Structure formats: C-alpha cells, structure tokens
Amino acid sequence: MEIKIKKLKDNAVLPSRGSAAAAGYDLYACLDAESVEIAPHTTVKIGTGLSIAVPDGYFGAIFARSGLAAKEGLRPANCVGVADSDYRGEYIVALHNDGEAYRTVKNGDRIAQLVIMPFLSVEFCEVAELDETERGAGGFGSTGKQ
C-alpha cells in the first residue's frame, strides 16, 4: 500500500521500520530547538513535522515504543492515538513522563510508532433488548472465575 506523506518542516524524518516484519513505523521528534525536557508526571506535545494521508477505511494508530516506555518512562499521554483518514494536520505525539526524573527528547529521537490499521464503519441501532449470552453482564475479571 502506498501512503502519501508531506514534510511540513525541512528537518522532519519519514517514518521507518526496525525490521521487515515490524508492524509499527517509528515516528521521529521534529523540534524547533535542539531538545525539549519533560518534567516528571507532565505531558509535552512533540511534533513530527509530517502530515500523512491515510487511505479511507484505515486509520493511523499511534502507540508507545516499548523501549522508550520501559526504559525512559515516556509514552503517549492518551496511550493510543487515533489519526483518522481525513486528518491532514501535523502528526503530534503528546508524550507523558511517568517517571520521577526529567527526560530529554532530542530532535530526531524516535518518540512513538505508527501502525496503519483497517476499521469497520458501523451504524448503531437502538433496541429495547439485546440477545442473551452465557456471559451476560459479567465484566472486570468475571470470565476468569471458576
């Protein structure tokens, strides 16, 4: 699948994969300064300098990079970002610092990963009753009980 992408800034880096089988494409920080600090338990919006035309029927899912989250305590503030196919603005990642120390993000650092995913467009139909199931309304751990 070919996806059109536009650099909004000269120093923007196109998404890339770590291996041929990787589902996620790394997104890179595109800063006006050399770096930005993220204080403990705060969120900073980090631009990528890119606009991406995701095809209809798909969306761009923005996930944490596992190494950045585990080693540095940095993750997208909304946990998973959703970029709809009709969005044409800059892809921006709101990075949250879960740790107790200041963290520095440098220009060109990998900050998140983008996965292009299909979705189903549905129509909701209000009804008086739903079909019965064996599980019923059991939730929050109910299926693991003996």
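Biologist: Let's start with a cysteine: is C125 buried or exposed?
Modeller: Happy to begin there, with the reminder that this is a predicted model. Exposed means over 50% relative accessible area. C125 has a relative accessible area of 66%, so C125 falls in the class called exposed.

Biologist: And how many disulfides does the structure hold?
Modeller: A disulfide is a covalent bond between the sulfur atoms of two cysteines. One cysteine here, C79, is partly exposed at a relative accessible area of 47%, and C125 is exposed. For the whole structure, the number of disulfides is 0.

Biologist: Let's turn to the strands. In what order do the 4 strands of the open sheet stand?
Modeller: The pairing in this open sheet is antiparallel. Neighbouring strands are turned against each other by 35° on average, with direction ignored. Read across the sheet, the order is β2-β11-β6-β8.

Biologist: Which strands stand at the edges of that sheet, and why is one side of each left without a neighbour?
Modeller: A strand with a single partner has one side without a neighbour in the sheet, and that is the case for two strands here. One spans residues 81-83 and the other residues 25-28. The edge strands are therefore β8 and β2.

Biologist: Which residue of β11 is the bridge partner of Y28?
Modeller: Strand β11 covers residues 110-118, and β2 pairs with β11 in the antiparallel sense over 4 bridges. In β11, the bridge partner of Y28 is R110.

Biologist: R110 makes me curious about charges. How many salt bridges are counted?
Modeller: Side chains of opposite charge can pair when their charged atoms come close. One example is R75 with D98, where N and O are 2.7 Å apart. The count for the structure comes to 5.

Biologist: Which residue forms a salt bridge with R65, and where does that partner lie?
Modeller: The closest N and O atoms of this pair are 3.0 Å apart, and both residues are buried. R65 lies in the loop between β6 and α1, while its partner is in strand β2, so the salt bridge ties together parts that are 39 residues apart in sequence. The partner in β2 is D26.

Biologist: How many residues apart are D26 and R110, which also form a salt bridge?
Modeller: In this pair the closest N and O atoms are 3.4 Å apart. D26 is buried, with a relative accessible area of 7%, whereas R110 is partly exposed at 40%. The pair links strand β2 with strand β11, and the separation along the chain is 84 residues.

Biologist: Where do R75 and D98 lie, and how many residues apart are they?
Modeller: Both ends of this salt bridge are partly exposed, R75 at 23% relative accessibility and D98 at 36%. R75 is in strand β7, and D98 is in the loop between β9 and β10. Along the chain they are 23 residues apart.

Biologist: Which residues are joined into one network by salt bridges that share partners?
Modeller: D26 forms a salt bridge with R65, and D26 also forms one with R110. The shared partner joins these salt bridges into one network. Its members are D26, R65 and R110.

Biologist: Now the rings, please. Which geometry does the aromatic pair of F59 and F119 have?
Modeller: This is one of 2 aromatic pairs in the whole structure. F59 sits in strand β6 and F119 in the segment after β11, 60 residues apart; F59 is buried at 15% relative accessibility, while F119 is partly exposed at 41%. Their centres are 6.4 Å apart with 65° between the planes. Planes over 60 degrees apart count as edge-to-face, so the geometry is edge-to-face.

Biologist: And which geometry does the pair of Y87 and Y91 have?
Modeller: Y87 is partly exposed at 35%, whereas Y91 is buried at 2% relative accessibility. The centres are 6.0 Å apart, with 45° between the planes. That makes the pair tilted.

Biologist: One last residue: what distance separates the C-alpha atoms of K71 and G99?
Modeller: K71 has its place in helix α1 and is exposed at 69% relative accessibility. K71 and G99 are 28 residues apart along the chain, and their C-alpha atoms are separated by 9.8 Å.

Note on methods:
Residues numbered from 1 in each chain as written. Predicted model: local features only at pLDDT ≥ 70, side-chain atom pairs only at ≥ 80, totals over all residues. Heavy atoms only, no water. Pairing = 2+ DSSP bridges. Axes fitted to C-alpha atoms, helices over the stretch in contact; angles between N-to-C directions. Disulfide = S-S within 2.5 Å. Buried < 20%, exposed > 50% of the residue type's maximum accessible area, 1.4 Å probe, protein only. Phe/Tyr/Trp six-rings, centres within 6.5 Å; stacked < 30°, edge-to-face > 60°. Salt bridge = Lys/Arg side-chain N within 4 Å of Asp/Glu carboxyl O.
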